[in-house]
Amino acid sequence: MLAEKKERVIMGIDPGTSIMGYGIVLEKGNKIELITLGIVRMDHLDDHFLKLQRIFEKTVKLIDEYKPDTMALEAPFYGKNIQVMLKLGRAQGVAMAAALSRNIPVNEYAPRKIKQSITGNGSAGKEQVAAMLQRLLNFKETPEFLDATDGLAVAVCHSFQKIPTGGKGKTYSGWESFVSDNKKRLR
């Protein structure tokens, strides 16, 4: 059995059709270092399909440049406007496709899960998440758009989950199989 890598690069994406945020971290054991964060602007484009093309192209370019071992995405949140949900789902799907086209495993996290893992509060605001990330990763500059720190938060959230890259971890078919394999953890 191969040992898990001691270091891995994690790319986090906050998909959007106007602005996509991204953050890339290097995980070394229990330490996380910031590699880069930023945004991809698409608010100047009118055509939805051109926006999707830009998301795909920029994501592939980031993957080729930083060689992440895994990608984590923020899942679309449930909203009242179904058209917005559809567009966000497409943006997320295109970012996933970019990762999968380079054989990068993808994980997805709900917005509340990301906020909870970074701040301890699933209802935290974008500013609170950004401030906590600045402390955790020891960087001073405040990005122009909080979408960048949102993307970074997804990467850090994934690191905190300690999910092995490549998805080779133990999976269970249901509670019964989990319980039978984890009797020592039951009280």
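Here are legends for several close-up views of this predicted model.

**View 1. Strand E2 sits between two hairpin partners, E1 and E3.**
Start with strand E2, which covers residues 19-28. On one side, E2 is joined to strand E1 (residues 7-14) by eight bridges, and the two run antiparallel. E1 and E2 make a hairpin, with four residues between them. E2 also pairs with strand E3 (residues 31-41), again in the antiparallel sense, this time over 10 bridges. That pair is a hairpin too, with two residues between E2 and E3. Look for Gly 29 in this turn: its phi is positive, at about 60°. How many of E2's 10 residues are buried? Nine of them are, so you can call this strand mostly covered.

**View 2. Ile 24 has a partner in each neighbouring strand.**
Zoom in on Ile 24 in E2 and look across to Met 11, which stands opposite. Now look the other way, to E3: there, Thr 36 is the residue that Ile 24 stands opposite. While you're here, remember that side chains in a regular strand alternate between the two faces of the sheet.

**View 3. Tyr 109 is a buried residue in strand E5.**
Strand E5 takes in residues 106-109, and Tyr 109 belongs to it. Is Tyr 109 buried or exposed? Its relative accessibility is 7%, and because anything under 20% counts as buried, Tyr 109 is buried. Which side chain does the Tyr 109 side chain make a polar contact with? The partner is His 158, at 2.6 Å. Cys 157 is worth finding as well: 48 residues separate Tyr 109 and Cys 157 in sequence, yet their C-alpha atoms are 8.2 Å apart in space.

**View 4. Helices H4 and H5 cross obliquely.**
Here you see helix H4 (residues 126-137) and helix H5 (residues 146-161), whose axes come within 9 Å of each other and cross at roughly 60°. Because of that angle, H4 counts as oblique to H5. The crossing is left-handed. On the H4 side, the residues making the contact include Val 129, Ala 130, Leu 133, Leu 136 and Leu 137. From H5, the contact includes Leu 146, Leu 152, Ala 153, Val 156 and Phe 160. Charged-looking names turn up in the list too, among them Lys 126 and Glu 127 of H4 and Asp 147 and Asp 150 of H5.**View 5. His 48 is tucked into helix H1 as a buried residue.**
Helix H1 covers residues 48-66, and His 48 is part of this helix. With a relative accessible area of 12%, His 48 is buried. What does His 48 touch, leaving out residues up to four places away in sequence? The answer is Thr 17, Lys 87 and Arg 90.

**View 6. Lys 67 and Asn 138 have a positive phi without being glycines.**
Most residues other than glycine have a negative phi. Lys 67, though, has a positive phi of about 50°. You'll find Lys 67 in the loop between H1 and strand E4 (70-74). Lys 67 is exposed, with a relative accessible area of 57%. Now move to Asn 138, in the loop between H4 and H5. Asn 138 has a positive phi of about 55°, and a relative accessible area of 62% makes this residue exposed.

How values were computed: Residues are numbered from 1 along each chain as its sequence is written. This is a predicted model: local features need pLDDT of at least 70, side-chain atom pairs count only at pLDDT 80 or more; totals for chains, interfaces and linings use all residues. Side-chain values use heavy atoms; hydrogens and water are left out. Buried means under 20% relative accessible area, exposed over 50%, partly exposed in between (1.4 Å probe, protein chains only). A polar contact is a pair of N or O atoms within 3.5 Å; within protein, one must be able to donate a hydrogen and the other to accept it, and residues adjacent in sequence count only if both atoms are side-chain atoms. Two strands pair if DSSP finds at least two bridges between them. Axes are lines fitted to C-alpha atoms, for helices over the stretch in contact, and angles run from 0 to 180 degrees between N-to-C directions. Angles under 35 degrees count as roughly parallel, over 145 as roughly antiparallel, 65 to 115 as roughly perpendicular and the rest as oblique. A crossing is left-handed if the near helix is turned anticlockwise from the far one by less than a right angle, and right-handed if clockwise. Contact means heavy atoms within 4.5 Å.
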